[in-house]
Amino acid sequence: MSTRRPKGMLWAAVAGVVGAGVYLAVCEAVALLVAPGANPVLDVAGSIIDVVPRPVKEFAISAFGTADKPVLVASVGVAAFIGAAVAGVLQLRRPPWGVAVLGLGAAAALAAVVTRPGAAMLTPLAPAAGTLAGCFVLAVLVARLRAWLGLPGRDETGEPAGSSGRGRAAVDRRAFFVLTAAAAVSAAAIGLGARLADGARTSVEAVRGALRLPTPPAVEVPAGAELGIRGLSLLYTPNDAFYRVDTALEVPVVDPAAWRLVVDGLVDEPLDLSFDEMIGKGLQEYSITLTCVSNEVGGDLVGTARWWGVPVRDILRMARPQDGADMVLSRSVDGFTASTPLEALTDDGIDAILAVAMNGEPLPLEHGFPVRMVVPGLYGYVSATKWLTRLTVTTFAEDEAYWTPRGYAARAPVKLSSRMDTPRPGSRVAAGRVALAGVAWAQTVGIERVEVSIDDGPWTAAELSAPVNADTWVQWTIPWDAEPGTHYVSVRAVDRNGQVQIEERSPIAPDGSTGWQRTLLTVV
């Protein structure tokens, strides 16, 4: 018995993992029929995002950047794997507690699935069916394992386990391996088949690729808008390099043919527009820089694109907001909400848009296809809702958005900021003439100048690129005769109102970081 116990625990852990695999596979298959999109692992991870304390969220973005979601999903998967293995061992040693543990974990996943935004009436069927299948498979496999090991009790047929000698043990061992392999292969086949059958993403990607939008007049880009310095951020950030920070663990897939925009709340004329009706209002091209509130001083959670879209003010004029309204709560198909000041969406001087294209092509799926909001001058978490589906005109006193109860400000204008791109912080630089270069932004106001200080010396004005508009970042550069040794380079910006970038460092919460970037360079 002693020599079999370690081996038995190992195989019990395998049985637990196989049972969990059956649970997931059956969930996938049933969800395909009654509740597309239900996924226990993703829904549990989404629930974690909803309840995680703000400092943990900030640490995740700081440590993992835009890879924070894959890390979270992988962590949930590892935890589920370990939990399933523990359930298998517990079922071997203390039946039926292993099945109870697996069922408890499945119940927690069920709660996460049914409480996610967009859960339908039949959604609970998928995790419920998976729970029954997974628990049954675990019970059957471990019962056969106990019979093989000669442990007291009864097998899944009701016969006394381990009481028929060596011949029966060989039969039970063979049966355990056959059943385990069959369950594992079946789970893999069912799960893979369900994934292949769910062609929603592939279908929408094909629709996106075939979508032909009316081409609006291009934004005029003046000569000198690009300084052409190696290592300097491009004027327009390529789509595949554009930062992505949102709460969606799995990118929503929305067919523009089925998409609707509802405008309701404190309006005299509620609206319900199709995609074609919306773009029929007339597309225009806009050059706008987007910034995430999680962008640290010198960070890269900022980018600029040429957006095609329809002004939000045109849509809201049709709905006629009522007196007293001061906020628009925008909602994504995945349940995310953002609180945008009404005046930012109705002001004729602010190009807040419902965007449908990015850098000359329909929005990538991960950037909000088919429609997202883009509002210059506001951090994304209060304005840049992706996969947009609803605009509710309301008040800040009456409603709050996703991040507000999680410690972030309800209003969050983008702060004047600058960044050095090259040389990279901490890099080694050859002595001689060096081009220091970077970008700066002061949305809705514009950049007047950028100044650089070497080793806390006097501030020297840098050369600026020709600005496209006040909503687009500018590039800057300044030559430096670098001498051997270590040097600190500081950069700050001044906007067209004469406001100087704040020197003091502050964290990203509750409404964006501040501080001058101070970079250490080693000259050799």
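**Which side chains meet in a salt bridge at 3.6 Å, N to O?** Those of Arg313 and Asp348 do, and we'll come back to them in View 4. First, some housekeeping: this is a predicted model, where local features need pLDDT of at least 70 and side-chain atom pairs count only at pLDDT 80 or more, while totals for chains, interfaces and linings use all residues. Residues are numbered from 1 along each chain as its sequence is written, and side-chain values use heavy atoms, with hydrogens and water left out.

**View 1. The whole chain, before we zoom in.** The protein chain holds 11 helices and 19 strands; these are DSSP runs numbered from the N terminus, with at least four residues for a helix (H or I) and at least two for a strand (E). Of its 524 residues, 50% are buried. Here "buried" means under 20% relative accessible area, "exposed" means over 50%, and "partly exposed" is in between (1.4 Å probe, protein chains only). Now look at contacts, meaning heavy atoms within 4.5 Å. Among those between residues at least 6 apart in sequence, 76% join residues at least 24 apart. The chain exposes about 23,100 Å², and carbon and sulfur atoms supply 59% of that. Those areas come from the Shrake-Rupley method with a 1.4 Å probe; for residues, only the protein chains shown count as cover.

**View 2. Helix H6, from end to end.** H6 covers residues 125-149, which makes 25 residues. Its first and last C-alpha atoms are 36 Å apart, close to the expected 36 Å. That expected span is 1.5 Å times one less than the number of residues. H6 is mostly covered, with 19 of its 25 residues buried. Just after the helix comes Gly150, with a positive phi of about 75 degrees.

**View 3. A sheet of four strands.** This open sheet runs in the order E11-E13-E17-E16, with antiparallel pairing. Strands E11 (417-422) and E16 (463-464) stand at the edges with a single partner strand each, so one side of each has no neighbour in the sheet. Strands count as paired if DSSP finds at least two bridges between them. E11 and E13 (residues 432-441) run antiparallel and are joined by five bridges. To find your way along this pair, look for Met420 opposite Gly438 in E13, and for Ser418 opposite Ala440 in E13. E11 is mostly covered too: six of its six residues are buried.

**View 4. Salt bridges that link distant parts of the chain.** Side chains of opposite charge can pair when their charged atoms come close. A salt bridge here is a side-chain nitrogen of Lys or Arg within 4 Å of a carboxyl oxygen of Asp or Glu, and the structure holds 18 of them.

- Arg390 pairs with Asp264, their closest N and O atoms being 2.4 Å apart. This pair ties strand E10 (residues 388-394), home of Arg390, to strand E1 (residues 260-265), home of Asp264, across 126 residues. Arg390 is partly exposed, at 29% relative accessibility.
- Back to our opening pair: Arg313 meets Asp348 at 3.6 Å, N to O. Arg313 is in helix H10 (residues 312-319), and Asp348 is 35 residues away, in the loop between helix H11 (342-346) and strand E7 (353-358). Arg313 is buried, with a relative accessible area of 12%, whereas Asp348 is exposed at 53%.
- Glu451 and Arg492 have their closest N and O atoms 2.7 Å apart. Glu451 is in strand E14 (residues 447-454) and Arg492 is in strand E18 (residues 485-495), 41 residues apart. Glu451 is buried at 9% relative accessibility, and Arg492 is buried at 16%.

One more thing to spot: salt bridges with shared partners join Arg313, Asp314, Arg317, Asp348 and Asp351 into one network.

**View 5. Gln443 and its neighbours.** Gln443 lies in the loop between E13 and E14, and at 7% relative accessibility this residue counts as buried. Its side chain reaches the backbone oxygen of Thr289 at 2.4 Å. A polar atom of the Gln443 side chain also lies 3.1 Å from the backbone oxygen of Asp471. Leaving out residues up to four places away in sequence, Gln443 touches Ile288, Thr289, Pro376, Gly377, Leu378, Val414, Ala470 and Asp471.

Conventions
A polar contact is a pair of N or O atoms within 3.5 Å; within protein, one must be able to donate a hydrogen and the other to accept it, and residues adjacent in sequence count only if both atoms are side-chain atoms.
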